[in-house]
Every structure is written in C-alpha cells, then in structure tokens.
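Subject: Handover of the two-chain model

Dear colleague,

Please find the structure below, followed by some notes on what was found in it. I would be glad if you could read them alongside the coordinates.

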Amino acid sequence: MRRRWALTLARHAALLAWAAVTLLPIYWMLITSFKHSGEWVTWPPRWFPHEPTLINYVKVLTPGTSTFELGRQTLKILKPLWDSLAVASASSLLAVALGSALAYSWVRFGTGGPRYPYNLLSIRMVPPIVIAVPFVVYYVTLRLLDTYTGLVLVYVATSLPYVIWMMLAFIEEVPVELERAARVMGASRFRVLRSVVLPLVTSGLVVTFLFVFILNWSELLLALALTNTEVTTLPITLNKFQSANEGRDYGPQAAIGTIATLPVVVLGFLIQKHLVKGFSFGMIRK
Amino acid sequence: MSVLARLERERIFKWLPFVPVQGLLVVLLLPNVILLVYLSLLSWRITRGAWWNAPFTWLDSFAVALGDERFLWALVRTFGFAAVAVPLELALGFGLAFLCREPFRGRRLYSTIFLVPMMIVPAVVGYDLSMLLIDQGPFNQVLSLLAGRPVTVRWLSDYTAAKVAVIGADVWQWTSLTFLIFLSGLAGLPRDPIRAARVMGATRWQVFWHVELPLLKPVIAIALVLRSMEALKIFDYPMLLTQGGPGNSTETIAVYLWRVGWEFARVSHAAAMSLILLVVVSLYVFVAIRVLRRERRRLAEEGAG
C-alpha cells in the first residue's frame, strides 16, 4: 500500500514538473501582453501586472501598417492576420481534399505503386531552404512571387505528404467488405464514398486538417522567401520585429504571439479526443 | 455485366486524385531542381543583371562552398542539434506518454497541457523564449530560486548557453508531438500478448521490455523519422531567438543559406551549397525510408498471419 502511494506521488511529481516547464513560457507571454511598457523588463521580473492593460492589443489590431512611438516601431497585424488565415485555410483545405482522395486511391487501387507514399514523404524530408533560392527566380518568371496563389500552391505541395500519411491510417481501417456490400446493393461509387467511407474517416479528416493548418499557419522560411509586401503572414511580422534594431517592443509582440496562438489552441481543445487517434501514421496493428 | 467486374473497371477513381497532385509536384519541383543546378553553375548575384546573361563558371561555386568553413560548420552544427534534440524529445515524450497511459485523476488535464506547445507557431516560441531568457529575466529568476543562489546564465550571449537555448526551444515545442504519437501507440497496443505474458508469470518490467517495446517499434520509428527530418530544417528558433549568434554559434544550415542567398545576395554560391546539402540529406532520406518500409512491411505480415 505504501509502495503504491509512493508510485502515485512520483508520477505526479514528474508530470507536474513537465507541466510547469510547458506552462512557464505560455504564462509569460500571456502576462506580458497585458503589461504596460514599464513592466516588460524589470528586476525582479513582475509575475503579475500592477495594472493589466489592453493597450498592446489595441496597438497591433488597429488599421494601418505601423506606428512610431518613443523611437519604437510597432507593426500592425490586421493584414498579416487576414493573410495568414486566408493562406493557411485555403492551402490546408486543398491539401486535405487532394491528399485524402489520393490516400484512398492508393489504399484501394495502389495508385502510383507501393512506394508512392514513401516517395512523397522523402520530398518532405528535404529542407525547404534547398529549393528556396531557385523558387524565387522561378516565381518571378511565373509572376507568382508575392501572391496568394503562389504561397497557397507551395503550402499545398509541402503539406500533402503529411495528409497522405495521416489519412492512409484511417482509410486502411475502413472495411472493404462494407464498401463491396453497398456496391452490390446498387449504390454508385460516389454514393459509397459519401455515405460509407466519409462518415468513417471524418475524425481523421478533422485531425489532419488541424495538423496541416498548424504547419501552414506557422511556416516562416518559404513565406519570407516568396512574399514581400502584398502578402505578409504573422510569422513574418514577428520576425520583422525581432530583426529590428530599435528597442524591443515586448508587449505588442506578446499580444501578436497570443493572437497567433489562440485560434489554434482553441481548435485543438475542441478536437482533443480525436487527436490521439490521428497520430499513428499507419504504424499501429489493427 | 457482373457487379464485381464493374467495380474493378472504375479506374477513374484510381487516377482522378493522382493527376492533379502529381501535376502540382512536377510543376513546382522539376523546374526548380533544374534551375538550382543551372544557377549553381553560374556566377550570379542578384545585384548583377539578369540570371540568363550571367557567365558560366561551372564548378567554381562548389569549390567556394566546400572551402567555406562557416558552411561546413553550419552543416555539422545542424546535425549536432538534431542529434541532441531528437533523442531528448523521444525519451521525454515516451516517458510522459507512459505515465499517462492508464486512467488516473488529473490525466486529462495533464495531457491537455502537454499538447499545447505543438499548437504554437515556432516563430512565437522563438520570440517568447527570447523574452524569458534575457539575462535578468524570469527564467534565471526561477533557476535562482530552485538553486538557492543567484544564477546568471547569459542564455542568449554565451556560446554554449545559446546552443542549449535553441535545442531547448525545439525540445520544449516538439516533445508534445512525440508525446502524442506515443500516446496513440500505447493506446493501440494489442491486449492479448500482454495478458498472455502476465498470465505466464512475467513481471511488469519483462512485459514492457520483451512484449510492449518490440510491439512499439514501428511507432518509435515513425516518431524518430518525423522528428529528425524536421530537426534538420531548424530555422525559426535561431532566427528569432539568437539571429544565429553569438558569433555563429547557433547558425544552422538553413539560417546560413538564408544569409548567403538573401543577405549577402550570393545566389550561385547559395545554389551550390543547397545542392551539397541535398546530397547530404539524401543519405538520411534513403536510410529513413528504408526503416519505415521495413516496419510497415512487418506490420502487414503480422497482421495477415
């Protein structure tokens, strides 16, 4: 009995320690986003603001491109926020639609041969910086540099391997017999896809969409290379702050970080019970 | 015509999704690979006219690349970072998933917290830690409290500490993914062999070592492959945390190539270095794909048997 208590205690100690490590940076960002400039950097650090304020959010969320104040440049994020949302949603939707259809045809018909998913994954393994240099030249020629279409196409291509690997695990679980039975009873192939397959893989589609949405919402390197002023995403905006030589603008940056994090975390909480099912990548026995 | 024959004939479903995907990949990748090789054979900077007028210098850029110590060190450093970060992520993720596998009070809360980091933009993580790790910052304060004496590690300006900070950022963020992968792996373990081993008198430890761990091998393989391939791309953390500094101590290959291509505008040199990187990474890709294929094949054989 005493041994079990000790085990439980040790378990909670370990889990609490990692929970604290996980929460510390998140807490600090959240709290800084509500601080006046005088409290951003102090010794000892302020773990709770004396007068919580929304000024940082107001600053970054008002229209325009940037403001100067006391030598500090504060960038506005209404446009980057919209651009990130548009580019990440469009590319993730397209990638999930194309990729899950392809995963289905690979599982059922062997499209592209037995090695096809591996070939796609090996493309994803190559660091994007390898292709970034010629990509700029290529996109200038195609007039796709600094356009939504250009960035969306790239993100569709880079997220396809993940979509296929996550979706094939779900599709392999759909019993062929079920599809056959529906076919024998006279349903068309489209009808079977819609009424038999789709309901069985819905949670897979949702989890896959969330995961590639996170990837595309976060991507920095290719966005830096392939966009300029017409299209600017949130990660680029944060990077601009950081490479600025003027005094650091901690509060507004923390507000941007919080705004960039919140929608994804909320989405994640909503589908948490599906998450555990979604990350087996076809590597679990059935 | 029999129904089954019609079923087999519907080849349109085989090719309908394949054509656009393959088309997109070919259109986006093929010209770029050709262009990459072409640019690497030129002597061209963005500031020097149009690339199609630039003179050929053939392999000169490769000679420059291989003679560039900063390039070679960035390459070594990137693999070094991955070699430290990925095992840590796998070990931590596995340990946490193992502790959370059976139901207990608070399990849901813990796993919810552990999953948050993977949902944060890596650039935000880099920025956030740059705020936390300033010399007189909250992190040093917490360390001082724990140590009982003043700790003043200069996380962002000391050569070694900055490396630890960049690796720490990767581990902090991606342990959440390995945790999730192992959690689904453990949840998917078949009950029968484990119960059989217990009935035959195996201890918990024996069951874990001889039954569960071998069953988890495919899951460990996919986590290892996914994390190492992403770790070789590390770009966001050094860019936002340290800008590759102090000196070049946290300059990964992606950051250095970014500088050569964009900040120094030496496009041909960057192209040559990219090709060298491609060759080096191909070795890794070759091994990784073999491992994955082997594990999937084994799964299929056992599933059928």
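The predictor's confidence in each residue is given as pLDDT, from 0 to 100. This is a predicted model, in which local features need pLDDT of at least 70 and side-chain atom pairs count only at pLDDT 80 or more, whereas totals for chains, interfaces and linings use all residues. Residues are numbered from 1 along each chain as its sequence is written, while chains are lettered from A and ligands numbered from 1 in the order in which they are written.

For chain B the mean pLDDT is 91, with 96% of its residues at 70 or more. Among the elements of this chain, helix H5(B) (residues 69-99) has the highest mean pLDDT, 97, and helix H1(B) (residues 3-9) the lowest, 57; helices here are DSSP runs (H or I, at least four residues), numbered from the N terminus. Where pLDDT is low, the predicted coordinates should not be read in detail. For the complex, the predictor gives an ipTM of 0.92 and a pTM of 0.93.

Turning to the interface, 78 residues of chain A are in contact with 85 residues of chain B, contact meaning that the C-beta atoms of two residues, placed from the backbone, lie within 7 Å. On the side of chain B that touches chain A, the largest share, 17 residues, comes from helix H14(B) (residues 267-304). That side divides into 64 nonpolar, twelve polar and nine charged residues, where Ala, Val, Leu, Ile, Met, Phe, Trp, Tyr, Cys and Pro count as nonpolar, Asp, Glu, Lys and Arg as charged, and the others, Gly among them, as polar.

One helix pair across the chains is H5(A) (residues 129-142) with H3(B) (residues 18-40), whose axes are 8 Å apart and pack at an angle of about 105 degrees. The two are therefore roughly perpendicular to each other (65 to 115 degrees; under 35 is roughly parallel, over 145 roughly antiparallel, and the rest oblique). Their contact includes A:Phe135 and A:Tyr138 of H5(A) and B:Leu35 and B:Leu39 of H3(B), and its residues divide into ten nonpolar, one polar and no charged.

Within chain A, the axes of H3(A) (residues 78-109) and H8(A) (residues 189-218) come within 9 Å and cross at roughly 135 degrees, and these helices are therefore oblique to each other. Their contact has nine nonpolar, six polar and no charged residues.

Best regards

How values were computed: Axes are lines fitted to C-alpha atoms, for helices over the stretch in contact, and angles run from 0 to 180 degrees between N-to-C directions.
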